[in-house]
Structures are given as C-alpha cells and as structure tokens.
Amino acid sequence: LDLLLNPDTLIPIYANQRIPVCASKSIFLVGSTYYPNRNIDSWRTTALNYLKNKDFKGYVFIPEIENSYETDLTYNNHLEWEEYALKKAGIIIFWLSNELENLDIDYLKLGYLLAKFPEKLILVNMDNSRDNHYLKYYCDNLNIPQCLSLEETLNMVMEKLK
C-alpha cells in the first residue's frame, strides 16, 4: 500500500491504462495533443523526460494512448478516464497551445478545470505571444499559478508534491 501512495519511481499512466486507486503523488498533463504525423514533439514527452532526469517519484497521467493512436478505447471511455484521472491527480498542469487550431477545445477544457479544480491547477506557457489578459485576470483572481516555461512549472510541481 505504501508503494501505491508513494511510488519509488516515476510511473506514467496513459489513457489506455488503469489508474491506481491510491494516487496521491500525481500530476495530470492537460493540453494540446500533438500527433506523430504532425512532426511536432509532444510537450508531454519533454515533461516526462524532465521529471525522470530530476528523479521525480510519483504518477504522471497522460491523456494519450501509449505507443499508438489506434485503440479500442472509445471516445466516451477516454473522457471518463480523463475525468477520473483529474479527480485523482494532486496537481493539474495545463499547457496553453500556441496553435490556433487547438485553442477552442483547449479553452473549453480550461474553463471546465477553472470551475472544477482551481486548487490543483497550474498554467504553463503563459507568454506574451498571444493576448492572455482575460485569462490572466481570472487566474489571478483564483490564485492559480502561471508559469512561462515547462521547466519552471515542473520545478514548482515537484516542490509542491514533496
């Protein structure tokens, strides 16, 4: 039971895998998903590598399918997996995309997270490349941390989960 609560290594949990019942030391990586055929490196892969290099010990929930984007997982099952993982996560990192095609769904999901899990949420990629004044205003009012870089965010998260 102690290893479930306090894993001795980083354990990624993908959308096609079961979420442990006891997952207190955990991070959910929410935001845009970049598919392999787009030739864009996944920010989640970068985050996982950084956490491994920093010897993070805990769960990382990744709303992608491990090793493949072909699965028997239905859309509703995927959404149910995400909802359960969000409830279990100790911290939710939200990656703000710079790609216009992802913004509608990202902002819809962000609004949901702001309403339901503000105490767990940290925003990353809060730079000046887009107009974030409206978003910044509400995050400031809800005391939601905002970071410029993924590295800054992950360092903050590891400190909070100690």
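Helices here are DSSP runs of H or I at least four residues long, numbered from the N terminus. With that in hand, keep in mind that this is a predicted model, and start at the end of one such run: just after α2, Asp55 takes a positive phi of about 60°.

Now step back into α2 itself, which spans residues 43–53. Its buried residues are Trp43, Arg44, Ala47, Leu48, Tyr50 and Leu51. Look down the helix axis and these residues fall within an arc of 165°, so they line one face of α2. What do they pack against? The partners are β1 (10–14), β2, β3, β4 and α6.

Follow one of those partners, strand β2, and you come to Leu29. Leu29 has a relative accessibility of 0%, so it counts as buried. Leaving aside residues up to four places away in sequence, Leu29 touches Trp43, Arg44, Ala47, Val60, Phe61, Ile62, Pro63 and Ile93. Trp43, Arg44 and Ala47 in that set are also among the buried residues of α2. For a sense of how the chain folds back, try Leu29 and Trp95: they sit 66 residues apart in sequence, yet their C-alpha atoms are 7.6 Å apart in space.

Helix α6 (residues 150–160) is worth a look too, with Leu150, Thr153, Leu154, Val157 and Met158 buried. These residues cover an arc of only 130° around the axis, which puts them on the same side of α6. They pack against β2, α2, β4, β5 and β6 (146–147).

On to the nonpolar cores. The largest has 24 residues, and within it Phe28, Phe61, Ile92, Leu121 and Leu123 touch the most other members. Where does this core draw its residues from? At least two come from each of β2 (26–31), β3 (58–62), α3, β4 (91–95), α4 (100–116), β5 (121–124) and α5 (133–141). A second, separate core of 23 residues includes Tyr14, Leu51, Ile122 and Cys147. Back in the largest core, Ile92 touches Phe28, Val30, Leu86, Leu113, Phe117, Lys120, Leu121 and Ile122, again not counting residues up to four places away in sequence.

Finally, head out to the surface. Tyr75 belongs to helix α3 (residues 75–88), and its relative accessible area of 60% makes this tyrosine exposed. Together with Leu79 and Ile105, Tyr75 forms a nonpolar surface patch, and the three share about 340 Å² of accessible area.

Notes:
Residues numbered from 1 in each chain as written. Predicted model: local features only at pLDDT ≥ 70, side-chain atom pairs only at ≥ 80, totals over all residues. Heavy atoms only, no water. Patch = residues over 30% accessible without salt bridge, like charges linked within 9 Å, V, L, I, M, F, W, Y side chains within 5 Å. Areas by Shrake-Rupley, 256 points an atom, 1.4 Å probe, with all protein chains shown as cover. Salt bridge = Lys/Arg side-chain N within 4 Å of Asp/Glu carboxyl O. Buried < 20%, exposed > 50% of the residue type's maximum accessible area, 1.4 Å probe, protein only. Core = buried A, V, L, I, M, F, W, Y, C linked by side-chain atoms within 4.5 Å. Contact = heavy atoms within 4.5 Å. Arc of directions from axis to C-beta.
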